[in-house]
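Open the model in your viewer and keep the selection panel at hand. The tour below goes from one selection to the next.

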Amino acid sequence: MFDIWKSVISGNLTDDPELKKSKEGREYVTFSVAVNIEQNLTNYFSVYCFEKRHMDFANAFLKKGAGVVMVGSVQQKKSQSGEKSYLRIIPTDICLKGSTRQPSAGIREGEDGHDEEDF
């Protein structure tokens, strides 16, 4: 049995979402979210959307400065050199702050293929 590691992130986009392609040609959308922890402390999270519904939602509704709330799995990735590690969020649910607008419900894709990004 696997353990579950989910996080809830509430913050604002630091830039517009960006559509990218993996080496294998699979499209995904990435963006960064700033979370204000204290008055002078902000944490930044990289978000990677692999599911079509999340990619479509990000491209249609998310822009720099937009407030979002998301639930997602946390993945640790190592740089190509292996000297650094990074945390990234793979969302399972996303919505705009103060809105009920969210990606349409549907069948979720499997967990495979979530490691296309090379650091």
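**Start at the helix**

Select Phe57. Phe57 is buried, with a relative accessible area of 3%. Bear in mind that this is a predicted model. Now add Phe61. Phe61 is partly exposed, at 33% relative accessibility. Both residues belong to helix H1 and stand 4 residues apart, about one turn of the helix. Their rings form a tilted aromatic pair, with 5.2 Å between the centres and 45 degrees between the planes.

Stay on helix H1 and select Lys52 and Asp56. Their side chains meet in a salt bridge, 2.8 Å from N to O. Here too the partners sit in helix H1, 4 residues apart, so about one helical turn separates them. Which of the classes buried, partly exposed and exposed does Lys52 fall into? Lys52 is exposed, with a relative accessible area of 53%. Asp56 is partly exposed, at 40%.

**Glu51 and Arg53**

Select Glu51 and Arg53 next. They form a salt bridge, and the closest N and O atoms are 3.1 Å apart. Are these two residues buried or exposed? Both are buried. The count for the structure comes to 2 salt bridges.

**The ring cluster**

Move to Phe50. Phe50 lies in the loop between strand E4 (41-49) and helix H1 (52-61). At 4% relative accessibility, Phe50 is buried. Add Tyr28 from strand E3 (residues 27-38). Tyr28 is buried as well, with a relative accessible area of 3%.

Measure between the two rings in the viewer. The centres of Tyr28 and Phe50 are 5.5 Å apart and the planes meet at 35 degrees, so the pair is tilted. A stacked pair would need planes under 30 degrees apart. The pair ties together parts that are 22 residues apart in sequence.

Which residues do ring pairs link into a cluster? Add Tyr48 to the selection: Tyr28, Tyr48 and Phe50 make up the cluster. The structure holds 3 aromatic pairs. Now bring in Arg88. The charged end of Arg88 sits over the ring of Tyr48, 4.9 Å from the ring centre.

**Zoom out**

Clear the selection and switch to cartoon. The secondary structure comes to 1 helix and 6 strands. Follow the chain along its sequence and the pattern reads β-β-β-β-α-β-β.

Select the whole protein. Of its 119 residues, 39% count as buried. The protein exposes about 7700 Å², and carbon and sulfur atoms supply 48% of that area. Turn on contacts between residues at least 6 apart in sequence. Of these, 60% join residues at least 24 apart.

**Colour by confidence**

Last, colour by pLDDT. The mean for the protein is 82, and 82% of residues reach 70 or more. Select strand E2 (residues 18-21): among the elements, strand E2 has the highest mean pLDDT, 96. Then select strand E6 (residues 85-96), which has the lowest, 88.

Finish on residues 105-119. Over this stretch the pLDDT is below 50. The stretch has 36 contacts in the model beyond near neighbours in sequence. Where pLDDT is low, the predicted coordinates should not be read in detail.

Notes: Residues are numbered from 1 along each chain as its sequence is written. This is a predicted model: local features need pLDDT of at least 70, side-chain atom pairs count only at pLDDT 80 or more; totals for chains, interfaces and linings use all residues. Side-chain values use heavy atoms; hydrogens and water are left out. Rings of Phe, Tyr and Trp (its six-membered ring) pair if their centres lie within 6.5 Å; planes under 30 degrees apart count as stacked, over 60 as edge-to-face and the rest as tilted. Helices (H or I, at least four residues) and strands (E, at least two) are DSSP runs, numbered from the N terminus. Buried means under 20% relative accessible area, exposed over 50%, partly exposed in between (1.4 Å probe, protein chains only). A charge sits over a ring if NZ of Lys or CZ of Arg is within 6 Å of the ring centre and within 35 degrees of the ring normal. Contact means heavy atoms within 4.5 Å. Accessible areas come from the Shrake-Rupley method with a 1.4 Å probe; for residues, only the protein chains shown count as cover. A salt bridge is a side-chain nitrogen of Lys or Arg within 4 Å of a carboxyl oxygen of Asp or Glu. pLDDT is the predictor's confidence in each residue, from 0 to 100.
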